[in-house]
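Here are a few exercises to work through with the model open beside you. Try each one before you read its solution.

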Amino acid sequence: MLAPLKSSVVRAAILPIGVAALVVFCLVEVLGQPAGLLPKPPELRSKDGTLSLTLHAGVTREGKNSFYFNGHPDAPTLRLSPGDQLKITYINDLPATPQERCLATPCMDMTNLHFHGLTISPDAPQDDVLTMMAMPGKTLNYTVQIPKDHPPGLYWYHTHPHGESYRQALDGMSGALVIEDIVADAFDERALFHLLNLAREDEAFVLVTTRTAPVGWSFAIRDLGSRLKALPVVVLTPPDDALLRAVLVKLFADRQLAVDESLIGYLATRIERSFAGARDVVARLDDEAMLRKRPLTRALATEVLRAPPA
Ligand SMILES: [Cu+2]
């Protein structure tokens, strides 16, 4: 890993259209979803090769089964890279006497997790939907190893107990799982080389995202190496002060929250310098203000920032 690039994401683009795609990507990150659409689930990213979280199964106010994260009926989007480990403590808080009816047999409110589409082990403590099962009040501990050569893509995780998963999944017990980034020395060189050749023949475009620039990688296929190293590279650095402030104002406005300019300045210099960091602090402040029935002020922000994230 290249030291100066550690905290930034390097995006290597092939042909100018790749750069156009990058611009779109950045705007989507900044603007988020238009008001009135489904709320965006929280996003969790692996750090130093691991993503750990506690997930609950529970019942919403409307009586639906749901995943719960940090006390909210949310299914967080999990972002991992090939080679990462995903650790989930999954607690079944569904009632021992189920409120809902099942198709063939009485509901038992048991649950577990299936990682749909991932090429991982079917044995406990990974993607084992047969022997890993939590009755109400029980906990399952998952440790999922994402292979180093796992293809990037959008996958999903969902509840998977036989006879009950249909009803539970329709209720909403599912979430997105994203495998990002190709990693140096951990992808199929022949496949990428063929893909690039095919794209050139078809005048199509390929966008590669990674955390380090290909210039430092070693290649078995020399032609692939020279092709990748010759690509235009666009580095996405952390947002600067002005952008981070604008993002904070926008995120508060999304929640119909009018906040003081001094609070924005206070937060911008204290939070992690990323869009994810901005989203996280706005959500936490909104939650805490509601919970404590207090206005959104610097005093509240000081207390919230001092407390570790739940
Ligand atoms: Cu599935």
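**Exercise 1.** In this predicted model, find which residues of α7 are buried, and work out how they are arranged around the helix.

*Solution.* Start with the list: Ala278, Val281, Val282 and Leu285 are buried in α7. Next, look down the axis of α7: its buried residues fall within an arc of 100 degrees, so they line one face of the helix. Now turn to the other side of α7, where Met290 and Leu291 are exposed. Finally, see what the buried residues pack against: α5 (241–254), α6 (261–268) and α8 (298–306).

**Exercise 2.** Check whether the span of α7 agrees with its number of residues, then see what follows the helix.

*Solution.* Helix α7 covers residues 275–292, which makes 18 residues. The expected span takes 1.5 Å times one less than that number, so α7 should span 26 Å. Its end C-alpha atoms are 26 Å apart, which agrees. Step past the end and you meet Lys293, with a positive phi near 55 degrees.

**Exercise 3.** Track down the largest nonpolar core and the strands that supply it.

*Solution.* This core has 23 residues, and the ones touching the most other members are Leu80, Leu86, Ile88, Tyr90, Leu113 and Phe115. At least two core residues come from each of β3 (50–59), β5 (77–80), β6 (85–92), β8 (139–145) and β10 (174–179). Zoom in on Ile88: beyond its neighbours within four places in sequence, Ile88 contacts Leu53, Leu55, Leu113 and Tyr142. Apart from this core lies another, of 14 residues, including Leu244, Val247, Leu251 and Ala301.

Methods:
Residues numbered from 1 in each chain as written. Predicted model: local features only at pLDDT ≥ 70, side-chain atom pairs only at ≥ 80, totals over all residues. Core = buried A, V, L, I, M, F, W, Y, C linked by C-beta atoms within 7 Å. Buried ≥ 20, exposed ≤ 12 C-beta atoms within 10 Å, placed from the backbone. Helix = DSSP H or I, 4+ residues; strand = E, 2+ residues; numbered from the N terminus. Contact = placed C-beta atoms within 7 Å. Arc of directions from axis to C-beta.
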